[in-house]
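Visitor: I'm new to this structure and would like a close look at one part of it. Please pick a spot, start there and show me what surrounds it.

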Amino acid sequence: MRIVATLPARRASPVAALRAAFLSALVVAVPAAAAPFAYITNQGSNDVSVIDLATDRVVATVAVGKSPAGVAVASAIGRAFVSDPDSRDVSVIDLAPPHPVTRIDAGSGPVGIAVAPDGRRLYVADWYANRLLAYDTKDDRQLAAIEVGSAPAGIVVSPDGTTVYVAARDDDAVTEVDAVTLAVRGRIHVGEHPFALGLTRDGTRLFALNVVSNDVTIVDTATRETKATLGVGLAPYGVAFSADGRRAYVTNQHGASLTVIDVGAARVEATWPSCDYPEGIAVHADRVYVVSWMEDAVCIYDAASGARRGRVDVGSNPRGFGAFLTE
């Protein structure tokens with residue numbers, strides 16, 4: 001199953017005391033890492049390319065389920081989670097070589113995927129069943145299946161781990177879920193067909209990438225009010241933020257470009273050419289890593305100027321939809 005931001009198929013392809021108890025459980029130790037690694041899902045070759053960002057080289061290729069698309073790296077617990085739509089499961093990759101893999105059943109078509117900051121909860125968007133699936137990562141037990149709207153795609157979790165946002169693509173809305181009660185709090189209406197979501201590092205602004213209206217809705221998470229709607233390129237698909245939080249970088253699938261947004265001013269700062277059919281995106285230090293579905297590569301750009309810095313060849317039809325970098 002090839003689920004894209006626009007239309008499927010181009011190539012084969014969820015009580016104050018309870019809340020307090022929940023919040024008190026959020027402090028865990030994060031293991032140190034010598035260098036960041038990128039875990040890139042390759043939908044065409046059914047595997048994940050592991051890139052060492054110190055050298056910008058592939059250091060491992062890990063076989064996973066069928067048509068892997070979404071990815072969520074949980075450095076806090078030493079695992080990466082990958083959604084496999086065509087095998088209807090999630091592949092769980094151990095971050096330590098040789099990267100053993102286990103599998104979790106995940107509805108009828110898992111696409112978007114995210115992990116709580118402490119790594120204790122996994123969230124999966126079940127595209128065909130219109131549900132958000134929640135799991136306890138300690139034992140991979142499913143905790144809930146929450147109705148969140150039509151064609152749920154991208155997912156983000158608030159920095160404190162108490163709120164989950166899910167893009168209900170075909171409802172032109174974002175569903176807000178209470179991570180304590182695993183119940184829907186409400187819905188936020190955005191642009192036409194939101195696919196990917198992003199949260200600023202302080203959790204105060206939610207970015208919804210609307211692939212049909214070709215714009216980004218910026219929402220105040222405290223009030224759920226739209227603060228700005230910014231036109232970007234054709235079919236915005238992925239978003240990542242600079243380390244200082246001042247810039248957002250948006251990939252435009254059909255525009256072969258990156259839109260750079262000044263977060264504080266809520267305005268478009270620049271549009272840069274990129275690799276063909278850019279999808280997933282991440283920022284590390286002074287570099288922007290962009291996954292090219294058509295070029296079977298990750299293209300690297302200077303975060304300040306947009307100048308091309310390099311390229312890493314990966315597997316077939318890479319997606320990288322989600323948080324693919326270790327911390």
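Guide: Let's begin with a word we'll need straight away: a residue is called buried if its relative accessible area is under 20%, exposed if over 50%, and partly exposed in between, with a 1.4 Å probe and protein chains only. This is a predicted model, where local features need pLDDT of at least 70 and side-chain atom pairs count only at pLDDT 80 or more, while totals for chains, interfaces and linings use all residues. Residues are numbered from 1 along each chain as its sequence is written, and side-chain values use heavy atoms, leaving out hydrogens and water.

Our spot is T41. With a relative accessibility of 0%, T41 counts as buried. That puts T41 among plenty of others, since buried residues make up 60% of the chain's 327 residues. You'll find T41 in strand β1, residues 37-42; strands (E, at least two residues) and helices (H or I, at least four) are DSSP runs numbered from the N terminus. In total, the chain has 28 strands and one helix.

What does the side chain of T41 reach? It gets to the backbone oxygen of A69 at 2.7 Å. A polar atom of the T41 side chain also sits 2.9 Å from the backbone nitrogen of G320. Leaving aside neighbours within four places in sequence, T41 is in contact (heavy atoms within 4.5 Å) with D47, V48, P68, A69, G70, V71, V82, N317, P318, R319, G320 and F321.

Follow that list to F321 and you come to some rings. F321 is linked by ring pairs into a cluster with W127, F195 and Y237. Rings of Phe, Tyr and Trp (its six-membered ring) pair if their centres lie within 6.5 Å; planes under 30 degrees apart are stacked, over 60 edge-to-face, and the rest tilted. The whole structure holds seven aromatic pairs. One of them is F195 with Y237, a tilted pair at 5.3 Å centre to centre with 35° between the planes. That pair links distant parts of the chain: F195 belongs to strand β16 (residues 194-199) and Y237 to strand β20 (residues 236-241), 42 residues apart. Like T41, both F195 and Y237 are buried.

For another tilted pair, look at Y277 and W293, whose centres are 5.6 Å apart and whose planes meet at 50°. Y277 sits in the loop between β23 and β24, and W293 in the loop between β25 and β26, so this pair ties together parts 16 residues apart in sequence. Y277 counts as buried at 7% relative accessibility, and W293 is buried too, at 0%.

Now back to F195 and its strand, β16. β16 belongs to an open antiparallel sheet of four strands, in the order β16-β17-β18-β19. β16 and β19 are the edge strands, each pairing on one side only; strands pair if DSSP finds at least two bridges between them. Five bridges join β16 to β17 (residues 205-210), and there G198 stands opposite F207. At the other end, β18 (residues 215-220) and β19 (residues 225-231) share six bridges, with T217 partnered by T229. Four residues lie between the strands of this β18-β19 hairpin, where R224 takes a positive phi near 65°.

How values were computed: A polar contact is a pair of N or O atoms within 3.5 Å; within protein, one must be able to donate a hydrogen and the other to accept it, and residues adjacent in sequence count only if both atoms are side-chain atoms.
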